[in-house]
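Reader: I have a model open on my screen and would like to learn how to read it. Could you take me through it feature by feature?

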Amino acid sequence: MTILDQSGIDQIATTMPLDRPPVPPQLADVPVEDIDMLWPHLEPLLEEATATSRGKETAFDVRRSLMARDCQLWVWWEGGEVKLLAVTEIVRHPRKTVGRIKICVGKPHSVSRENIIECVGIIEAWAREQGATGMENISRDGWERVLRTIGYERTHVFLEKELH
């Protein structure tokens, strides 16, 4: 399990357990015990991500899901700040279990396309460890260009409408 303290927060990735897949130096899955300490760094990015959810959830709701262990938090920490964060979950459909990248948000141009692809690979390895045989990603159009290069394909168009 990753252990973080105030003095060692920049070492977030170097404390990964040995039985996990190899990770880039700044990517780590964040244990529930460390979410409160990191919250001031996470909340602004989660507020940005949930602002486009059309009222489905707020950063507080995501935090509650993380604390309940319904979702997993991943961060790319570099230079004393969170450059990118992802929230994932395991979804058990009647006939298939999949990993879902529910949220992925970061500071513009702070993580390269290659690093994002590496991070997705690490998340996929984690999902396999959880018994997933596929991945889902609900995202904006721009993610399609990146993820298509590693085998993702558009299978649906997601449309929404507010009912008044």
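Author: Happily; we will go from the overall layout to the strands and then to one helix. Keep in mind that this is a predicted model.

Reader: Let's begin with the layout. How many helices and strands are there, and in what order do the elements run?

Author: A good habit is to list the elements before looking at any side chain. Here the protein has 4 helices and 5 strands, and from the N terminus they follow the order β-α-α-β-β-β-α-β-α.

Reader: And what share of the residues is buried?

Author: Of the 164 residues, 43% are buried. For the surface, look at the exposed area: about 9,900 Å², with 51% of it supplied by carbon and sulfur atoms. You can also ask how far apart in sequence the contacting residues lie. Among contacts with a separation of 6 or more, 61% are between residues 24 or more positions apart.

Reader: Now the strands. In which sense do strand 3 and strand 4 run, and how many bridges join them?

Author: To read a pair of strands, follow the direction of each chain segment and then look for the bridges. Strand 3 and strand 4 run antiparallel, joined by 9 bridges. They form a hairpin, with 4 residues between the two strands. For one pair to find on screen, try Leu85, whose bridge partner in strand 4 is Val105.

Reader: What does strand 4 do with strand 5?

Author: Strand 4 (residues 97-106) pairs with strand 5 (residues 134-137) in the parallel sense, over 4 bridges. Between them the chain passes through helix 3 (residues 113-129), and this β-α-β crossover is right-handed. Along this pairing, Ile101 has Asn137 as its bridge partner, and Arg100 stands opposite Glu136.

Reader: Is strand 4 mostly covered or mostly open?

Author: Mostly covered: 7 of its 10 residues are buried.

Reader: Last, helix 1. Where is the kink?

Author: To spot a bend, compare the end-to-end span with that of a straight helix. A straight helix of 16 residues would span 22 Å, yet helix 1 (residues 35-50) spans only 17 Å between its end C-alpha atoms. The kink, of about 55°, is at His41, shortly before Pro44.

Reader: Which residues of helix 1 are buried, and what covers them?

Author: The buried ones are Ile35, Leu38, Trp39, Leu42, Leu45, Leu46, Ala49 and Thr50. Their cover includes helix 2 (59-67), along with strand 1 (27-30), strand 2 (72-78), strand 3 (81-92) and strand 4.

Key
Residues numbered from 1 in each chain as written. Predicted model: local features only at pLDDT ≥ 70, side-chain atom pairs only at ≥ 80, totals over all residues. Heavy atoms only, no water. Pairing = 2+ DSSP bridges. Right-handed = clockwise from strand over helix to strand, strands pointing away. Expected span 1.5 Å × (residues − 1). Bend = angle between axes of the 7 residues up to and from the residue. Buried < 20%, exposed > 50% of the residue type's maximum accessible area, 1.4 Å probe, protein only. Contact = heavy atoms within 4.5 Å. Areas by Shrake-Rupley, 256 points an atom, 1.4 Å probe, with all protein chains shown as cover.
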